[in-house]
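User: I'd like to learn how to read the features of a protein model, one at a time. Could you walk me through this one?

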Amino acid sequence: MSGTPVRSMARSPFVLVVGVVLTWFIAAFLVWPNVNILMATFFPDGSFSGRAAEKLFSSQRAMKALGNSFLLAVALSITVNLVGVFIVLVTHYFRIRGSRILFLGYASTFIYGGIVLAAGYKFIYGDKGIVTSLLVKVFPGLDPGWFSGFFAVLVVMTFATTTNHMLFVANALKGIDYQTVEAARNLGASTWTILRRIVLPMLKPTLFAVTILSFLTGLGALSAPQVLGGRDFQTITPMILTFTNSPTSRDLAALLAVILGVATILMLAVMSRLEKGGTYFSVSKVSSALQKQQITNPVANVVVHTLAYLLFAVYTLPVLLIVLYSFADGAAIQTGQLSLNSLTLENYARVLTQQSGLRPFVVSVVYSALAALIAVGGLLFVARLLQKYRNWVSTAFEYLLHIPWILPSALLALGLIISYDHPNPLVGGAVLTGTTVILLIAFVTVKIPFTLRMLKASFASVNSSLEEAAAIMGAKTLYVFRRILLPLVLPAAAAITALNFNSLLDDYDTAIFLAHPLVQPLGLVIKANTDGAEGVEGVANTFVYTVLLMVITGITMYLVYGRSGRKGLGKKRLRAAPPPAAVPGPALGMMSDDDAAKTAAPVR
Amino acid sequence: MRKFHTLAAAAVAVALLAGCGGGGTSPAAPADSSPAAAGGSGETLVVYTNSNGEGRGDWLSAKAAEAGFKIEIVGAGGADATNKLIAEKNNPIADIAFGLNNMYFSQIKAEGVLEPYEPAWAGDVDKELADGEAYWPLVKQAILLGYNSDKFSKDAAPRDWTDLWTKDEFKARYERVTGLGTATAQLVFAGILSRYRDDSGDLGISDEGWKQVEQYFQNGSPAVAKTDLFARIASGEVDMGQMPSSIIADREKSFNVNVETVIPSVGVPLAVEQIALVKGTKKKDEAQKFIDWFGSSDVQGEFAQKFNSMPVNKTAQAKANPDVVNFFADLKQQDIDWEFVQENMGAWVEKIELEYMT
């Protein structure tokens with residue numbers, strides 16, 4: 001697996017073709033524009049000055065905010081894993097009553113996020129929130145502003161960012177060979193030992209990948225600290241955004257972004273090192289599908305059930321309130337005074353009867369779908385090669401592909417503009433600004449690091465002996481890729497595509513600089529209708545757009561999961577032997593559990 | 001297998017995209033290149049503005065269509081629109097920009113993005129409000145300190161911004177900004193810092209001036225994201241804060257509060273929204289016609305009537321809301337050296353963000 005010499009790698013025509021395309025893409029769209037914008041930023045008149053570093057390091061506020069961002073990143077890497085693994089086990093590993101309902105509740109983070117999510121939590125736990133008013137009645141001494149600062153931000157962001165666990169860790173869990181679990185149990189291992197020694201180690205590549213994502217989310221935290229951080233817990237991102245927008249301070253923004261980027265890359269290096277050398281797939285000759293486990297200790301069973309349903313309430317309450325508030329008027333939303341008879345359809349009528357109508361929705365759906373498919377489709381080959389060949393060339397490529405994580409998207413966009421506003425040989429002498437292609441390029445680019453990480457993690461859990469067997473029987477590289485590897489990583493690839501699609505739908509930072517004037521995506525329309533200075537209706541519009549986006553992203557998740565689930569089931573019947581019913585249980589319970597497991601069932 | 005075909009199609013699209021880049025005008029990748037062609041569809045004017053919210057964009061597009069103009073409005077915040085115009089200067093996409101204030105436009109002009117043009121209505125406006133060459137004034141906006149008049153009588157209310165942090169009764173009762181990205185916040189600071197101009201001081205401002213800024217941030221209640229100042233006044237969290245004149249009447253109604261404004265003895269800063277022609281536009285004649293039309297007293301009058309704004313065009317003022325016109329007639333404008341402000345604003349924002357915001 002490891003340490004393939006570069007020379008042998010270069011012998012495969014498949015590698016060469018992918019390599020050439022990749023080199024061109026990286027040079028043209030990752031390196032060149034960003035080198036340009038960084039040069040323009042740090043060497044404005046051709047000479048470097050240490051001004052930015054000097055200013056930043058002497059600023060107490062910048063240092064504190066930077067420290068807060070790092071604190072949040074580290075804390076989130078731990079808490080998101082704890083909560084994420086718990087909800088994955090509850091919905092996919094243990095036999096819990098009503099796990100389908102629980103799954104739907106936990107899955108609410110698939111479809112919304114950002115400032116509205118933070119606002120949703122504030123409606124519940126903020127100083128005028130529902131839970132706070134209840135608590136104050138029980139404990140009169142309680143400070144109504146208890147839910148603020150680091151603690152509040154950490155709680156909200158933890159529950160808001162378990163999406164990757166629900167999708168990818170759950171998916172990896174389903175790939176675990178049940179026979180190893182059974183064998184361990186026959187040898188007398190307890191539930192806890194099995195979990196710790198067998199199940200969790202198999203999930204490592206995926207856990208490493210989602211940990212990096214949690215770290216990155218913490219570093220880039222924006223809306224939760226703004227809404228809930230208060231005076232004492234502000235992060236660095238708002239400052240980066242302000243400085244990006246001011247041409248004379250852009251060097252500070254770039255420096256801050258580079259600091260965060262380097263931290264992310266370090267994290268990536270640490271995780272890659274930890275991941276190295278492990279075997280993350282089953283080595284048994286005939287593997288069988290995972291069965292749900294009964295928690296045998298009655299006390300533990302009750303505790304886990306209670307926790308699971310408490311978390312369910314935590315996850316679903318904000319969504320319900322957001323939907324409810326989207327029917328209220330802007331003043332009621334902001335003062336927190338909601339009366340049922342003031343709910344009307346006015347907000348929806350106003351948003352949907354604008355002159356632009358549904359056009360921005362269509363534009364965004366087309367752009368996001370194209371970008372999501374291109375990113376995943378292209379990187380499938382790349383991730384496979386990077387995972388298979390480990391040498392200095394592939395490592396260099398891998399790190400280069402993470403460039404979009406280093407710079408804020410506004411700087412990426414400005415880099416593309418200044419690099420391609422004149423005929424450029426890198427793209428065959430074309431001018432890209434003012435075309436519809438440039439935004440697509442930017443959308444694909446910003447999604448590369450995430451896509452690559454998750455795809456690589458999912459290739460890591462593929463048993464290489466399958467591929468070797470096919471190769472021995474004379475299958476060509478592409479045939480092996482198409483018939484053996486692709487079906488195995490397809491559930492993960494579909495999930496990545498859906499997440500990429502969802503996250504691009506309301507993009508503003510990139511689109512504002514690159515969108516074609518006649519083909520404006522949704523993000524710009526949302527911004528125009530929701531900006532703080534744009535009137536009372538702005539806040540109400542924010543909620544309406546959030547609910548509309550929830551509908552679109554909900555449909556996306558259903559299409560991806562509903563479809564791949566049905567297919568997965570079909571293939572399982574065709575290919576794999578039906579798993580022996582090792583755990584006796586009521587037939588009805590089995591059925592519904594199987595239904596729950598349908599979501600992205602792997603074909604093995 | 002169908003999924004595989006989708007993925008294969010995506011892979012093909014990558015290749016096509018590459019081909020598209022190489023061939024320049026190759027007809028590949030149907031979904032991306034068909035409506036492209038750099039805004040080449042007829043004589044559609046591309047208009048950049050930050051003044052498209054609250055239905056203004058839709059209203060303008062409809063009115064323009066009646067007058068025979070085909071326009072496409074691209075909305076963006078003042079800073080975003082400015083950065084976009086400057087970034088695109090080698091290959092401009094916009095034909096016209098309007099709505100940005102004099103501070104933004106002088107920055108844009110300094111980058112060589114604007115084409116000088118004297119509109120037909122140049123005689124109807126006060127040339128002092130613009131540069132008299134490349135950008136021309138449309139709408140006046142006063143940047144005010146407003147307070148809850150149910151809580152404070154006129155005598156008990158602050159008389160100037162500096163009262164907020166020097167008098168104990170206002171401390172922690174006023175909202176202070178948490179970022180200087182918005183035009184309104186920058187204008188408030190232009191108004192405060194201009195009073196302490198000292199060429200030997202840091203960034204042209206005396207130590208005393210910087211102390212005011214420090215006090216402003218130490219004693220104010222930080223603004224809350226996605227919660228309007230008027231909402232906070234309504235719930236009693238704070239009693240006063242910065243507000244542009246045009247929004248007051250509307251928000252008083254929505255949040256059911258009463259607000260009065262403070263006119264300091266030095267006067268209040270005015271933001272003047274402008275219009276300009278973008279250098280390098282391929283539709284110069286049409287764009288000039290549009291500027292002549294949009295700034296004319298008829299259109300400006302209707303706009304003022306509809307959106308409660310204060311037109312600069314003297315003839316248009318007859319159509320504007322009389323309350324608004326009277327308010328501005330009595331208003332003392334603060335004398336601000338805009339050239340000095342424009343030169344230093346970037347550095348001021350940076351210093352304040354780094355050193356004074358807590």
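**Reading the model**

Analyst: Happily, and let's start where the chains meet: 75 residues from chain B and 75 residues from chain A take part in the contact (heavy atoms within 4.5 Å). This is a predicted model, in which local features need pLDDT of at least 70, side-chain atom pairs count only at pLDDT 80 or more, and totals for chains, interfaces and linings use all residues. Residues are numbered from 1 along each chain as its sequence is written, chains are lettered from A and ligands numbered from 1 in the order in which they are written, and side-chain values use heavy atoms, with hydrogens and water left out.

User: How much area do chain B and chain A bury between them?

Analyst: Buried area is the accessible area (1.4 Å probe) that two parts lose on being put together, summed over both. Here that comes to about 6,200 Å², with 60% on carbon and sulfur atoms.

User: How many salt bridges are there between chain B and chain A?

Analyst: A salt bridge is a side-chain nitrogen of Lys or Arg within 4 Å of a carboxyl oxygen of Asp or Glu. The count between the two chains is three. Arg61(A) and Glu353(B) form a salt bridge through their side chains, at 3.0 Å from N to O.

User: What share of the residues of chain A is buried?

Analyst: Buried means under 20% relative accessible area, exposed over 50%, and partly exposed in between (1.4 Å probe, protein chains only). By that rule, 58% of the 604 residues of chain A are buried. Its secondary structure is 28 helices and zero strands (DSSP runs numbered from the N terminus: helices are H or I, at least four residues; strands are E, at least two). In helix α14 (residues 237–245) of chain A, seven of the nine residues are buried, including Pro238(A), Ile240(A) and Phe243(A).

User: Which residues touch the most other members of the largest nonpolar core?

Analyst: In soluble globular proteins, nonpolar side chains tend to be buried together. A nonpolar core is a set of buried Ala, Val, Leu, Ile, Met, Phe, Trp, Tyr and Cys residues joined through side-chain atoms within 4.5 Å. The largest has 230 residues, and those touching the most other members include Phe29(A), Tyr106(A) and Leu85(B). Helix α22 (residues 437–460) of chain A gives the most to this core, 15 residues. Beyond its neighbours within four places in sequence, Tyr106(A) contacts residues including Met166(A), Phe312(A) and Tyr315(A).

User: Is Phe43(A) buried, partly exposed or exposed?

Analyst: Phe43(A) has a relative accessible area of 33%, so Phe43(A) is partly exposed. Phe43(A) sits in the loop between α2 (13–42) and α3 (51–57) of chain A.
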